[in-house]
Protein chains: 4
Amino acid sequence: MSRIKKVIKRMKVKNELARQIMGEVLGTFVLLLFGCAAAAQVKTSRETKGQFLSVNMAFSIGVMCAMYLCRAVSGAHLNPAVSLSFCVLGDLAWIKLLPYSLAQILGAYLASGLVYFIYHDAIMEFSGGVLTVFGPNETASIFVTYPTDVVSVQTSFLDQVVGTAMLMLCILPLNDKRNAPAPEALLPPIVGTVVLGISMSMSANCGAAINPARDLGPRLFIFTAGWGTEVFTCYDYFFWIPLVAPMVGGVLGSIIYLVFIQWHLPEPEDESDEDSFVMVYRWHQNYFYILYISVYISEFVFFTEEERRVRANDREYN
Amino acid sequence: MSRIKKVIKRMKVKNELARQIMGEVLGTFVLLLFGCAAAAQVKTSRETKGQFLSVNMAFSIGVMCAMYLCRAVSGAHLNPAVSLSFCVLGDLAWIKLLPYSLAQILGAYLASGLVYFIYHDAIMEFSGGVLTVFGPNETASIFVTYPTDVVSVQTSFLDQVVGTAMLMLCILPLNDKRNAPAPEALLPPIVGTVVLGISMSMSANCGAAINPARDLGPRLFIFTAGWGTEVFTCYDYFFWIPLVAPMVGGVLGSIIYLVFIQWHLPEPEDESDEDSFVMVYRWHQNYFYILYISVYISEFVFFTEEERRVRANDREYN
Amino acid sequence: MSRIKKVIKRMKVKNELARQIMGEVLGTFVLLLFGCAAAAQVKTSRETKGQFLSVNMAFSIGVMCAMYLCRAVSGAHLNPAVSLSFCVLGDLAWIKLLPYSLAQILGAYLASGLVYFIYHDAIMEFSGGVLTVFGPNETASIFVTYPTDVVSVQTSFLDQVVGTAMLMLCILPLNDKRNAPAPEALLPPIVGTVVLGISMSMSANCGAAINPARDLGPRLFIFTAGWGTEVFTCYDYFFWIPLVAPMVGGVLGSIIYLVFIQWHLPEPEDESDEDSFVMVYRWHQNYFYILYISVYISEFVFFTEEERRVRANDREYN
Amino acid sequence: MSRIKKVIKRMKVKNELARQIMGEVLGTFVLLLFGCAAAAQVKTSRETKGQFLSVNMAFSIGVMCAMYLCRAVSGAHLNPAVSLSFCVLGDLAWIKLLPYSLAQILGAYLASGLVYFIYHDAIMEFSGGVLTVFGPNETASIFVTYPTDVVSVQTSFLDQVVGTAMLMLCILPLNDKRNAPAPEALLPPIVGTVVLGISMSMSANCGAAINPARDLGPRLFIFTAGWGTEVFTCYDYFFWIPLVAPMVGGVLGSIIYLVFIQWHLPEPEDESDEDSFVMVYRWHQNYFYILYISVYISEFVFFTEEERRVRANDREYN
């Protein structure tokens, strides 16, 4: 008896980060399995076994399930943009940002793989055996997000920034003791509902990834599974937008929440004052760094190369 | 360290009303961003990425998110009709009614602007570049509510009165300690569900604005954004109905709740008696004022100009 | 000041039954207003502003709102079949059954009237001005339930019995302290969800009234509003089925819950034993009465007149 | 009075297993009544009174209702795969697995029968009086699950394994005190939502039974009700897959939860250590048994008969 006990104890992962990575991998795996499987169901059944709304709802339920699964282990970020926001807010050590993000991408990759195996027969029948990114029989959109034809790169970027900012703006108060928070044990379904709202209102332009891992993981998978290099090159190298824009948006939404709401709430009794101070301090440290990146990115996005050159000249002369 | 602390403290908005206005602006912004973006998604995707129900659900989720966001700051009225009702009930000082309403309209205006930017490309493609209020390519209905062709002005007015009365009648018991209230931390999703119910059952006639800010804010925006004066003149100057009728309906619903339910509930132990008395007292004060406005408005709505003149004559002679 | 207080006190309805009737009238009014208005919205918009599911959801949300509204006043039965079941279970005095039922019918009648006024223009446009029960332009189904053409009277009756039995079987455990109950403050949305389930699965045959008041109130209204006597005579006097069958079904469902679940649950500590005993005692009292009615009704339904005569003869001879 | 009391006491079922069986029969009956009735409603109304999503939602609400009904009596497994998983986890005695499973199948059988009676007229009208498994007028799919034409047996098996594994992986944390669990009184709607998610994302291939009783009970019923032997032989004897695969999947999902999440959570204060130990110990006991079955089954599924013979030869020679 005591031997079994020892065996179990030995199997317990002692390193906290390792446990957290395991949690994030499994959580993101569950999230993407629900979401991509629903997309596959709707696509391959030609909307007879579900519709656009089903996919939105499945992602929402996936968020709920993933949060209940790994919330106690890793905080259930499930999204590098959320992890970055929590770094900025001082709730996650910066050193953990990369491991978290990689774990999330890995979970998404594995889930896409499993969805591909489950729906292999149906995808082959739907696509006529040719895995493509374009055309009426394309199947890449089961896994990854794409913009519509009419959307410019600036609008796509803005769309993803706003979507992710809304995500952070709407989930931060849910757990803020100084605000009027939701019941802690019911956070998962409520966060899921927020995600449902975003995907019902901001997915027309480019699919509401609002999550670099949700897009990059499956994209890497379909790249390796035979969809070809087009998955990266198509729509003018669109793939970088769901990678970068959510990071900017998440931080932006967090800052909006801090500046317009959190700072003005009544301070809690004793320890929270310290907390609040630490949070602000850490946030302050990162301030210039974030500002610099934001300016740099926005310059890259909203100006053509020529305009940038002109502006650089202007700065030199002034 | 103590310098940073001081900086933060200095940035804290000390004036309560200013904080509340900030809260209402941001809350209504979130509500309208979800709602109008969903309407834009459904419209510009020609119902391939959502349907009528999506818009209803997005407004409902918007209510939930907005309430969690600013409930602790400003009470999350998000609606001048709700603010007016709380003034009548004695929960909001009359002096704050105008600032609250303007803040809500501002939030709605800003949200419409952002939706316009996000969906700019899609709106241009859908409308062929011509922003109009009428016709198959009209895009004004993304932002504001319009009546159907067959609905008379009286019916529209009644429709909005009933919708807003239902809103107040259904949300007042949720937070009434003398009744059997909902869990306080779950009020936002439940109020969101009430709004979903109203928009699924009373939006056929004229779009279930039930909120002057939800209609006026976006209307002002599309007026400034190039839809022209038609946004106000169309449908026989319909725009005044979602401004006035919800105010009447909100107060009416509150009074129905007071008279038929609240007064007859068992009085709570000690302090609530005083509260109840104060509430009734304040309500009493406003009684004649409200009555007068109601009569005046109903006269304006339900009689033609000639009939009014006749009635005025009658009164003089009697 | 003390005068106002006195006025208020005088306006408080002292009679408990009068308060309860007021609560049931208002509660059923809210329930039917949501439900019938949604039906009107879907019908008159020719399914462009909602679909079959919308009506189901609106009734479900109506149940939620009505329960929060009048639960503390009258128990929020909203349904004579529920009131009868609670009489049988000993939770409502038999003397109150008729007043409760009439109040519920009145609330339903008033709600139908208001829906008619709100959707008057739309109904006139849809029906071409002729209010009928049959044909592609019929509008009676906005208000009342009808069977499909293929359903026999026996099946209709069984359908309503099963639907209402499911209702009682599924809501009784929600509030049973001996079972694993739902949170009391969240009963309304959960009961609403149960109703949604029933109307999604058992409304194909004859519309899932499962509530005599929900059907009779509106039926009386459309009779008085100009749809003519056909509202009662159509489909071979179908109207009696949603009146009688739910009463049988409600009691049946309650008995099933008692016999198969409740009796075998662990008895609670002290007082509940007495409660349980009283409940059983009262139930025992009503036993023969219910049995007699059930047998009588089933005889009426499942046998033709001739068979009944034969059976009566058989009984005489034996 | 004391006589009645005695009668009641005598009617109380004293044997715990008998009570549990009663609970599982009634619970599974409720689950299947909602689900199959919704399927019948959608099918026989030719999708005018519901759609694919309605059936998913009805099953989800059925789970909720069934759990509230019998959770305190039998734990509300409602699914032999769940019962098996709880045996493996040490929460249910192995001796009870068969009685539980048979009770669940019986409940499902009875519910199918009642659905058949309620929808008898509609089914006859839809099918033209011929109860068949194939063709446009087939009605077997109201009751049981079938694969699509393009899905291979391996994919079907994998699909059911993954679906049931997701079920266990997502519901185990909901009630795990060491994790961040959901409120106990709200488990039923949350588990229902998980089931909704699975049926929206993994039902395209073969209908997401993820429950041997949900499939076998109705299948036995329609076999006896006149659909003929085809209900078992069709689609190359598909019926065994929803029987066996969920058992494998349920256990697999439980093990994944244990190994990747549960073992690494902080141990609770005092007694839970013992609990955890016992759980692991019991799990250890079953380890080789499960492993053996899994290997055996996977061999049967993933290899042709010839390959198995070759592998057996190989083993003999080595």
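**Working through chain A and its partner**

In chain A of this predicted model, 75% of the contacts between residues at least 6 apart in sequence join residues at least 24 apart. Let's try some exercises.

**Exercise 1.** Work out how many helices and how many strands chain A has.

*Solution.* Start at the N terminus and walk along the chain: each element you meet is α, right to the end. Now tally them up, and you get 13 helices and 0 strands.

**Exercise 2.** Find what percentage of chain A's residues are buried.

*Solution.* First, fix the cut-off: a residue counts as buried under 20% relative accessible area. Next, apply that to the 318 residues of chain A, and 59% turn out to be buried. Then look at the outside: chain A exposes about 12800 Å², with carbon and sulfur atoms supplying 62% of that.

**Exercise 3.** Describe the interface between chain A and chain D, using its area and its residue pairs.

*Solution.* Step one is the residues: 42 come from chain A and 49 from chain D. Step two is the area: about 4200 Å² is buried between the two chains, and carbon and sulfur atoms give 75% of it. Step three is the pairs: there are 12 residue pairs in polar contact, but 0 salt bridges.

**Exercise 4.** Say which helix of chain A gives the largest share of the side touching chain D.

*Solution.* List the candidates: H1, H2, H3, H5 and H6 of chain A each supply at least two residues. The largest share, 11 residues, comes from H3(A). Sort that side of chain A by class, and you have 28 nonpolar, 6 polar and 8 charged residues.

Notes: Residues are numbered from 1 along each chain as its sequence is written. Chains are lettered from A and ligands numbered from 1 in the order in which they are written. This is a predicted model: local features need pLDDT of at least 70, side-chain atom pairs count only at pLDDT 80 or more; totals for chains, interfaces and linings use all residues. Side-chain values use heavy atoms; hydrogens and water are left out. Helices (H or I, at least four residues) and strands (E, at least two) are DSSP runs, numbered from the N terminus. Buried means under 20% relative accessible area, exposed over 50%, partly exposed in between (1.4 Å probe, protein chains only). Contact means heavy atoms within 4.5 Å. Accessible areas come from the Shrake-Rupley method with a 1.4 Å probe; for residues, only the protein chains shown count as cover. Buried area is the accessible area (1.4 Å probe) that two parts lose on being put together, summed over both. A salt bridge is a side-chain nitrogen of Lys or Arg within 4 Å of a carboxyl oxygen of Asp or Glu. A polar contact is a pair of N or O atoms within 3.5 Å; within protein, one must be able to donate a hydrogen and the other to accept it, and residues adjacent in sequence count only if both atoms are side-chain atoms. Ala, Val, Leu, Ile, Met, Phe, Trp, Tyr, Cys and Pro count as nonpolar, Asp, Glu, Lys and Arg as charged, and the others, Gly among them, as polar.
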